[in-house]
Amino acid sequence: MDNNRKKRNQMLAQKVMKGLESRGMEGYYAETKEEALKTALDMIPEGSVIGWGGSMSAQEIGLIEKVCQGNYMVYNRDTCKSPEEKREVQLNIFHSDFFLASTNAITEDGILVNIDGVGNRVACIAWGPKNVLLIVGMNKVVKEVDDAVSRARNEAAPINAMRFDLSTPCSKTGACANCKSPDSICSQILVTRFSKEKGRIKVILVNEDLGF
């Protein structure tokens with residue numbers, strides 16, 4: 001990353017963090033994946049109950065691997081052997097101390113936008129786990145809520161549909177068709193503009209491209 005983009009992201013991150021603070025959320029900034037990982041692990045006390053919602057960003061900084069190896073009680077949805085077991089784990093995650101995820105987009109003034117197929121991820125962001133820890137690359141920062149929804153539907157959703165080999169129009173065209181396909185991963189859209197539980201949602205902004 002060139003210095004000018006790095007400086008721009010540093011300044012923009014300050015604006016985003018100020019916006020998050022005004023909305024009852026906490027914002028942190030990390031220059032690198034390694035710094036983001038350290039910041040995240042410093043927040044999570046040993047013995048914490050942890051679950052996650054399919055976040056590529058949390059995987060990319062090494063957070064999922066570290067919590068699986070560490071002294072934590074982990075609800076690992078990725079090791080479930082049946083749909084019934086996965087559902088039980090996902091329900092248990094509502095009682096976790098920390099829910100790890102990312103966001104499909106975040107506005108410059110701190111509004112989070114997330115899109116989901118089943119709804120477990122957006123449900124946990126909205127309510128349930130004691131803490132929500134989001135790992136967010138600066139590539140996901142947009143101007144307004146409309147831009148955030150567009151990013152979620154036209155960038156994140158098609159890429160994830162392709163990643164999971166789903167039969168949706170967006171997996172074939174790369175753009176949202178506002179479909180009602182059985183494979184649609186755009187069932188629920190969550191706009192988080194304020195947290196009634198102050199500090200429950202914590203966002204680590206990372207000066208790298210992470211996730212989709």
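1. Start with Val 136 in the middle of things: its bridge partner in β10 is Leu 205. That pair belongs to a run of six bridges joining β7 to strand β10 (residues 201–206), and the two strands run parallel. Bear in mind throughout that this is a predicted model.

2. On its other flank, β7 has a parallel partner in strand β4 (residues 98–101), with four bridges between them. If you want a spot to look at in the viewer, take Phe 99, whose bridge partner in β7 is Val 132.

3. How covered is β7 itself? Strand β7 spans residues 131–137, and seven of its seven residues are buried. Asn 131, Leu 133, Ile 135 and Gly 137 point one way, while Val 132, Leu 134 and Val 136 point the other way, and all are buried. That fits the usual pattern, in which the side chains of a regular strand alternate between the two faces of the sheet.

4. Now the whole sheet. It is open and has six strands in the order β1-β10-β7-β4-β2-β3, with parallel pairing. The edges are β1 (26–30) and β3 (73–74), each of which pairs on one side only. Helix α2 (residues 33–43) packs on this sheet and touches β1, β4, β7 and β10. The direction of α2 makes about 160° with that of β10.

5. A closer look at α2 is worthwhile. Its buried residues include Ala 36, Leu 37, Ala 40 and Met 43. Looking down the axis of α2, the buried residues fall within an arc of 125°, so they line one face of the helix. The general reason is that an α-helix has 3.6 residues a turn, so residues three or four places apart point the same way. Over on the other side of α2, Glu 34, Lys 38 and Asp 42 are exposed.

6. What covers the buried residues of α2? The cover includes strands β1, β4, β7 and β10, along with helix α4 (63–69).

7. Asn 9 deserves a click too. Asn 9 sits in helix α1 (residues 3–22) and is buried, with a relative accessible area of 5%. Which side chain does Asn 9 meet in a polar contact? The side chain of Asn 207 does the job, at 2.6 Å. Leaving out residues up to four places away in sequence, Asn 9 touches Met 1, Tyr 29, Met 138 and Asn 207.

8. Last, the cysteines. How many disulfides turn up in a search of the whole structure? The count is zero. Take Cys 80: the closest cysteine sulfur to its own is in Cys 68, 12 Å away, which is too far for a bond. For Cys 170 the closest cysteine sulfur belongs to Cys 186, at 6.2 Å, and that is also too far for a bond. The cut-off behind that call is 2.5 Å between the sulfur atoms. As for their surroundings, Cys 80 is buried with a relative accessible area of 18%, and Cys 170 is buried with 10%. Buried here means under 20%, so both values qualify.

Notes: Residues are numbered from 1 along each chain as its sequence is written. This is a predicted model: local features need pLDDT of at least 70, side-chain atom pairs count only at pLDDT 80 or more; totals for chains, interfaces and linings use all residues. Side-chain values use heavy atoms; hydrogens and water are left out. Buried means under 20% relative accessible area, exposed over 50%, partly exposed in between (1.4 Å probe, protein chains only). A polar contact is a pair of N or O atoms within 3.5 Å; within protein, one must be able to donate a hydrogen and the other to accept it, and residues adjacent in sequence count only if both atoms are side-chain atoms. Contact means heavy atoms within 4.5 Å. Two strands pair if DSSP finds at least two bridges between them. Axes are lines fitted to C-alpha atoms, for helices over the stretch in contact, and angles run from 0 to 180 degrees between N-to-C directions. The arc is that of the directions from the helix axis to the C-beta atoms.
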